[in-house]
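Subject: Structure for your review

Dear colleague,

Please find below the structure that I am handing over to you. My notes on it follow directly after.

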Amino acid sequence: MGLEPRCYALVPAAGVGARSGADRPKQYVNLAGRAMMAHTLDALAAVPGLDATLVVLSPEDDQFEAAVPGFAGERAWVARCGGATRAESVANGLIELLARGAQPHDWVLVHDAARCLLRPEWVSRLIAACADDEVGGLLALPVADTLKDATAAGRVAATVDRRGKWAAQTPQMFRLGLLKPALAAGTEGVTDEASAIEALGHQPLLVESPMENFKVTWPADFALAERLLNSR
Ligand code: C5P
């Protein structure tokens, strides 16, 4: 066992994408000629500091191999161990990483399959910023818009002070030995890894990243992502 920590990417892709309006899990929607997730995994494969990428699929997934034929080789791992929530899928993925030889001091970079505009250099920036950090961190974007709290009827209840507010993105980079107990402590309401780490009293590092690293979520996001992919 080497003392130099390794870096693994973990891509939870076991969701159905209920908000997307698509006829299949959104990670398999075709964008610029390929499944959305193929673009995501290409970007991760081009990051020099990553030792391997683990894709976590739903146990019922029968589309991945046909949709992403290029994901192959020693550094490309697949496990059909997805759970009922994103946090469960990630927690199950960490167990799989341990089974494949990862150590508690190794770094895990969790990245949404649906952030398919990812650029390798943004990941490298995150790795460089967190490598000597005690906690770890995440890509994020300072909020530019004025934020509103809404009533159930879709009216403005209040304006939220946006100063000091950031929109969390992924990858989110933490040591396996910290992230695993953080997720085990309870995944209720946990929509990203950082919030589980925060619940233990830590303060993850915010590493600024462009708006282009958005998560394809709403119906209109697909056309926007495709335009950006085609313009590259
Ligand atoms: O639904 P949302 O867009 O927040 O999902 C973010 C990521 O988490 C997606 O890549 C999705 O496939 C994944 N996910 C998962 N297991 C679930 C739910 C979501 O791996 N049960």
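A residue is called buried here when its relative accessible area is under 20%. By that criterion, the buried residues of helix α1 are Met36, Met37, Ala38, His39, Thr40, Leu41, Ala43 and Leu44. The helix is thus mostly covered, with 8 of its 10 residues buried. Please bear in mind throughout that this is a predicted model.

**The nonpolar cores**

Two members of α1 recur in the largest nonpolar core, which has 30 residues: Met37 and Leu41 are, with Leu50, Val55, Phe64, Leu109 and Ile127, the ones that touch the most other members. At least two residues of this core come from each of β1 (7–13), α1 (36–45), β4 (52–57), β6 (107–110) and α4 (120–130). Another core lies apart from it and holds 28 residues, including Ala102, Val110, Ala140 and Ala194.

Which residues does Val55 contact, leaving aside its neighbours within four places in sequence? They are Val11, Ala13, Met37, Leu41, Phe64, Phe71, Trp77, Val78 and Ala79.

Thr53 lies in strand β4. With a relative accessibility of 6%, Thr53 counts as buried. Its contacts, again without neighbours within four places in sequence, are Ala9, Val11, Leu41, Leu44, Phe71, Arg75, Ala76 and Trp77.

Ser58 is placed in the loop between β4 and α2 (64–67). Its relative accessibility of 16% falls under the 20% limit, so Ser58 also counts as buried. Beyond four places in sequence, Ser58 is in contact with Ala13, Ala14, Arg80 and Gly82.

**Packing of α3 against α5**

Helix α3 (residues 86–99) packs with helix α5 (residues 176–184) at an angle of about 140 degrees, and their axes are 10 Å apart. Because angles over 145 degrees are needed for roughly antiparallel, α3 is classed as oblique to α5. The crossing of α3 past α5 is left-handed. On the α3 side the contact is made by Ala87, Val90, Ala91, Leu94, Ile95, Leu97 and Leu98, and on the α5 side by Leu176, Leu179, Lys180 and Leu183. By character, the residues of this contact are 10 nonpolar, no polar and 1 charged.

Ala184 is also found in α5. Is Ala184 buried or exposed? At 66% relative accessibility, Ala184 counts as exposed. Its C-alpha atom is separated by 7.5 Å from that of Ala91, although the two residues are 93 residues apart along the chain.

**Asp112, Asn213 and the loops around them**

Asp112 has its place in the loop between β6 and α4. Asp112 is buried, with a relative accessible area of 8%. Leaving aside neighbours within four places in sequence, its contacts are Val11, Thr40, Arg86, Thr170 and Lys215. Of these, Lys215 is 103 residues from Asp112 along the chain, and the C-alpha atoms of the pair are separated by 7.6 Å.

Asn213 lies in the loop between β11 (205–208) and α7 (219–230). At 0% relative accessibility, Asn213 counts as buried. Beyond four places in sequence, Asn213 is in contact with His111, Arg115, Leu118, Trp122, Leu139, Gln169 and Thr170. The C-alpha atoms of Asn213 and Ile127, 86 residues apart along the chain, are 16 Å from each other.

**Backbone geometry**

Most residues other than glycine have a negative phi, and most peptide bonds are trans. Two places in the model should be read against that background.

The peptide bond from Thr170 to Pro171 is cis, with omega near 5 degrees. Pro171 belongs to strand β10 (residues 166–175). Thr170 has been named above, as a contact of Asp112 and of Asn213.

Where does Ala32 lie? Ala32 is in the loop between β2 (30–31) and β3 (34–35). Ala32 has a positive phi of about 50 degrees although it is not a glycine. With a relative accessible area of 26%, Ala32 is partly exposed.

Yours sincerely

Definitions and conventions: Residues numbered from 1 in each chain as written. Predicted model: local features only at pLDDT ≥ 70, side-chain atom pairs only at ≥ 80, totals over all residues. Heavy atoms only, no water. Axes fitted to C-alpha atoms, helices over the stretch in contact; angles between N-to-C directions. Helix = DSSP H or I, 4+ residues; strand = E, 2+ residues; numbered from the N terminus. Parallel < 35°, antiparallel > 145°, perpendicular 65-115°, else oblique. Left-handed = near helix turned anticlockwise from the far one by under 90°. Contact = heavy atoms within 4.5 Å. Nonpolar A, V, L, I, M, F, W, Y, C, P; charged D, E, K, R; others polar. Core = buried A, V, L, I, M, F, W, Y, C linked by side-chain atoms within 4.5 Å. Buried < 20%, exposed > 50% of the residue type's maximum accessible area, 1.4 Å probe, protein only.
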